[in-house]
Amino acid sequence: MSQEVAFDVNMVQNSTLDDGGLAGWAPFGSRTTTLSVHREDDDATLEITMQDQHEHDTVNKPSGRYILVSGRADEKDGLRQAITGALKPRVTYRVAGWVSLGASSPANAAVCVNLAVDRDEGLVECGAVSAEAGRWTEVKGAFRLRTEPSRAAVYVHGAPAGVDVKVMDLRVFATDRKARFRLLKDKTDKARKRDVVLKFGEAASRTPGGASVRVVQIDNTFPFGTCINTSVIQNPAFMDFFTNHFDWAVFENELKWYHTENQQGQLNYADADSLLDFCDRHGVRVRGHCIFWSVEGDVQQWVKNLQGRDQLMSAVQARLHGLVSRYAGKFQHYDVNNEMLHGHFFRDRLGDDVPALMFTEAAKIDPAAALFVNDYNVECANDPNATPEKYIELIKSLQRGGADVRGIGLQGHVSNPVGQVICDALDKLATTGIPIWFTELDVPEQDVSLRAQDLEVVLREAYAHPAVQGVVFWGFLQGTMWRQNAWLVNADGTVNEAGQMFVNLQKEWKTDARGNLDDDGNFKFRGFHGTYFVEVKTATGKQILKTFTVDKGDNNNTTPLVLNLADA
């Protein structure tokens with residue numbers, strides 16, 4: 001398949017309008033929709049565009065030439081372009097370009113890119129952005145087809161009727177994940193490894209016949225976790241994989257308000273207590289998910305029925321103090337008010353300051369817990385409501401209200417992931433200086449081989465990025481997961497190709513070094529952060545066994561770790 005695909009080759013004709021004409025482009029929708037070619041003369045605006053572009057992206061410098069779509073009588077009105085060349089199944093294609101709105105437009109509006117094909121695929125979503133007037137916003141969509149179409153066309157539409165839409169340099173091209181992985185190698189090395197010098201003393205090096213050294217990493221300090229519930233921990237297939245591959249957990253539903261207090265005043269912490277006891281016995285650290293959920297559809301009915309602000313605020317305070325004080329010191333993290341980019345139930349009823357209040361009150365009760373924002377689609381570039389920029393603004397608004405936001409949660413419910421797109425989101429969020437976690441990772445794909453490839457894309461990007469401090473899966477066992485076609489382990493306990501990919505990466509991210517002591521009695525290597533043991537054997541039969549830990553250090557891995565392991 002890879003020999004049939006030309007990676008990073010644009011399949012949209014006349015993307016940059018080099019001849020100044022509209023060859024290949026056509027309006028669609030209302031008869032009043034018209035297209036015209038223009039040039040962006042504002043160099044400052046183009047400079048902003050380039051600053052937003054990812055440094056390793058395959059998209060070229062903006063041409064400055066764009067198509068203006070005007071006379072739009074419906075939000076479905078827009079432009080179209082036939083795809084040249086054959087789109088191959090099982091290949092992830094990237095959709096890239098820039099969009100903007102006309103000068104008389106609202107502050108921002110959603111603009112969507114779709115692919116129309118002649119098979120059962122129908123209209124395929126390829127990305128969406130929150131476009132603005134006076135600023136170019138980069139499109140970073142992706143798609144994958146199950147069958148090869150005989151015809152295909154890309155469409156750009158959206159924004160309310162009457163709003164002009166500008167489209168610059170729209171491209172469609174196949175992504176080369178293996179080339180991306182090669183680029184990540186050095187980045188991973190810098191983020192997750194450190195030079196180490198083990199000193200055993202000159203006496204050890206002068207042993208007749210020399211001394212051989214073997215360094216083996218016992219575990220990697222980068223956290224991996226999964227969600228658990230009271231049922232799956234009774235399953236031997238789940239437990240076998242869980243105990244061998246995860247050191248963090250999060251409760252799937254058992255800590256949510258609708259579970260602990262489904263009826264007003266009837267508190268039920270039995271399931272949460274049981275799961276906490278399970279985690280304590282297995283030495284597993286735990287995330288608290290979640291204190292509140294801001295999406296109205298996930299708020300239990302009795303809370304919705306409360307009359308007036310005072311009743312709701314009283315219930316909020318009771319939930320905060322009841323939950324957080326009960327489990328003070330038990331949860332390392334809390335998702336305080338889940339999915340604030342997609343819902344604002346409490347803010348609408350209690351005021352704009354209540355989200356920050358939830359953080360400040362929780363911090364007073366349990367100051368050791370890291371308090372997180374947590375949301376979905378931020379890393380996917382397919383949701384105008386959940387862009388990295390909007391997430392950062394949410395965080396800043398919480399901070400202005402006094403909230404100490406100590407973690408950024410990316411849920412990671414992703415499909416057709418593209419490494420550059422994920423990295424771009426991570427880079428932007430990293431400017432906050434706040435640690436990032438993937439908190440609910442699953443990668444649904446019916447084809448398990450493609451599922452393995454998609455999972456590798458996400459995990460390699462996460463592990464290579466220095467701002468990411470952990471990855472938690474939203475389950476892994478067939479028949480027990482919220483999203484279908486995302487499991488890593490079959491119901492009978494056999495590990496599928498996606499699961500094996502995860503296992504292989506965990507092995508890859510451990511260091512095994514062998515050699516001999518140098519003349520000074522030292523052994524030098526570069527290893528992943530984690531716990532190690534070292535074995536030194538001399539020709540006379542003397543054996544030295546030591547354990548040690550390689551951490552990041554104070555200078556981001558640039559200062560070697562020097563350990564004196566010489567016998568007293």
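Where is the place of N485? In this predicted model, N485 sits in the loop that runs between strand β20 (468-473) and helix α14 (497-508). Its phi is near 60 degrees, a positive value in a residue other than glycine. Most residues other than glycine have a negative phi. The relative accessible area of N485 is 28%, and the residue is therefore classed as partly exposed, since that class lies between the limits of 20% and 50%.

A positive phi also occurs at N377, where the angle is about 75 degrees although the residue is not a glycine. N377 belongs to the loop between β17 (370-375) and α11. With a relative accessible area of 16%, N377 is buried, because the buried class covers values under 20%.

A further feature of the backbone is found at the peptide bond from H289 to C290, which is cis, with omega near -10 degrees. Most peptide bonds are trans. C290 is part of strand β15, which covers residues 285-293.

Helix α14, which follows the loop of N485, packs against helix α13 (residues 448-464). The angle between α13 and α14 is about 30 degrees, and their axes are 7 Å apart. Because angles under 35 degrees count as roughly parallel, α13 is described as roughly parallel to α14. The two helices, α13 and α14, cross in a right-handed sense. On the side of α13, the contact is made by V448, S449, R451, A452, L455, E456, L459 and R460. These residues meet E497, A498, M501, F502, L505 and E508 in α14. Sorted by class, the contact of α13 with α14 has 8 nonpolar, 1 polar and 5 charged residues.

A second helix pair is formed by α11 (residues 388-400) and α12 (residues 419-430). The angle between α11 and α12 is about 25 degrees, and their axes lie 9 Å apart. Helices α11 and α12 are therefore roughly parallel to each other. As with the previous pair, the crossing is described by its hand: α11 passes α12 in a right-handed crossing. From α11, the residues P388, E389, Y391 and I392 take part in the contact, and from α12 they are met by A425, K428 and L429. The contact of α11 with α12 has 5 nonpolar and 2 charged residues, with no polar residue.

Among the strands, 5 form an open sheet in the order β1-β4-β9-β6-β7, with antiparallel pairing. The edges of this sheet are β1 (25-28) and β7 (123-132), each of which pairs on one side only. From one strand to the next, the twist averages 25 degrees. Strand β6 (residues 108-117) pairs with the edge strand β7 in the antiparallel sense over 9 bridges. Within this part of the structure, N108 stands opposite E132 in β7.

Strand β11 (residues 193-199) contains V196. This residue, V196, counts as buried, at 1% relative accessibility. When residues up to four places away in sequence are not counted, V196 touches F523, K524, F525, V550 and L561. V196 and V215 are 19 residues apart in sequence, and the distance between their C-alpha atoms is 11 Å.

Technical notes
Residues are numbered from 1 along each chain as its sequence is written. This is a predicted model: local features need pLDDT of at least 70, side-chain atom pairs count only at pLDDT 80 or more; totals for chains, interfaces and linings use all residues. Side-chain values use heavy atoms; hydrogens and water are left out. Axes are lines fitted to C-alpha atoms, for helices over the stretch in contact, and angles run from 0 to 180 degrees between N-to-C directions. Helices (H or I, at least four residues) and strands (E, at least two) are DSSP runs, numbered from the N terminus. Angles under 35 degrees count as roughly parallel, over 145 as roughly antiparallel, 65 to 115 as roughly perpendicular and the rest as oblique. A crossing is left-handed if the near helix is turned anticlockwise from the far one by less than a right angle, and right-handed if clockwise. Contact means heavy atoms within 4.5 Å. Ala, Val, Leu, Ile, Met, Phe, Trp, Tyr, Cys and Pro count as nonpolar, Asp, Glu, Lys and Arg as charged, and the others, Gly among them, as polar. Two strands pair if DSSP finds at least two bridges between them. Buried means under 20% relative accessible area, exposed over 50%, partly exposed in between (1.4 Å probe, protein chains only).
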